[in-house]
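Colleague: Could you take me through one part of this fold in some detail? I would like to look at the sheet and what lies around it.

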Amino acid sequence: MEPTPHIAIVDDHKDIRELVARYLGEHGYRVSVAESAVALRRLLQRSAPDLIVLDIMMPGEDGLSVCRDLRTTGNLPIILLTAVAEDTDRIIGLEMGADDYVTKPFNPRELLARVKAVLRRVQSLPPRQSLPPGKAIRFDRWTLEVGRRELVSADGVAVPLSTAEFRLLSALLDHPGMVLTRDQLLDLTVGRAADVYDRSIDNQVSRLRRKIELDPKNPLLIKTHWGGGYSFAAEVTPA
């Protein structure tokens, strides 16, 4: 029997928290609520939700800051709640790694559909390699400094990574030796809420190869599988 998915609702408005909690509960989900970023962190210390519905506009630490912080430590699925007019916040949230967004005011049925879609997508992704928690990952002649989003070569030269390059490299390092399709890489890096297309992954791979391969035209680390996708060929270890 499949375990009941656990959803955390984070919103400073009590009526929204209660509405969403009641509606998701009626549709078979286990729900916890938090009124702030501080309350969410207390919640995460004692339980492990499967997905977070996170309001952007909250007093104190806002949802974008929380999203950024959560993305430095893991891949817990996040759906943002955003005001209709705040396109900038929505775009920034997606760039930070949020899986989807819902604009306020929203129909609970729409949120339920998006929760189901994100959970279904996450459950279909291949399992990650079990590396001990750490701040650096070593592969080939490189060390990825996760907190700084920076590559450091064996001779100590630091190479900065764009957000897209960092997410792509992280996805590949999490699944060494596994062929990942373009669809899977899109899900692992930007989710499906962003305005992306399949060939954008090819462009990102090309840019990343120029940074990590000795010969980008004859890559040894990021292998292409025609009609299939890409795989990471080097051994990956905690630094």
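Modeller: Happy to; here is a walk through the sheet, from its strand order to the helices on it. Please keep in mind that this is a predicted model. The sheet is open and has five strands, paired in parallel and arranged in the order 2-1-3-4-5. Its edges are strand 2, residues 30-34, and strand 5, residues 100-104, each of which pairs on one side only. On average, neighbouring strands are turned by 20° against each other, direction ignored.

Let's look at the strand 5 edge. Strand 4, residues 78-83, runs parallel to strand 5 and is joined to it by five bridges. Within this pairing, L80 stands opposite Y101 of strand 5, while L81 has V102 of strand 5 as its bridge partner. As a general point, the strands of a sheet pair through backbone hydrogen bonds, in either a parallel or an antiparallel way. Although strand 5 is an edge strand, four of its five residues are buried, so this strand is mostly covered, where buried means under 20% relative accessible area.

Now for the helices. Helix 1, residues 14-26, lies across strand 1 (6-10), strand 2 and strand 5, and runs at about 170° to strand 2. Helix 3, residues 63-71, also packs on the sheet, where it touches strand 3 (51-55) and strand 4. The direction of helix 3 makes about 150° with that of strand 3.

Notes: Residues numbered from 1 in each chain as written. Predicted model: local features only at pLDDT ≥ 70, side-chain atom pairs only at ≥ 80, totals over all residues. Heavy atoms only, no water. Pairing = 2+ DSSP bridges. Helix = DSSP H or I, 4+ residues; strand = E, 2+ residues; numbered from the N terminus. Axes fitted to C-alpha atoms, helices over the stretch in contact; angles between N-to-C directions. Contact = heavy atoms within 4.5 Å. Buried < 20%, exposed > 50% of the residue type's maximum accessible area, 1.4 Å probe, protein only.
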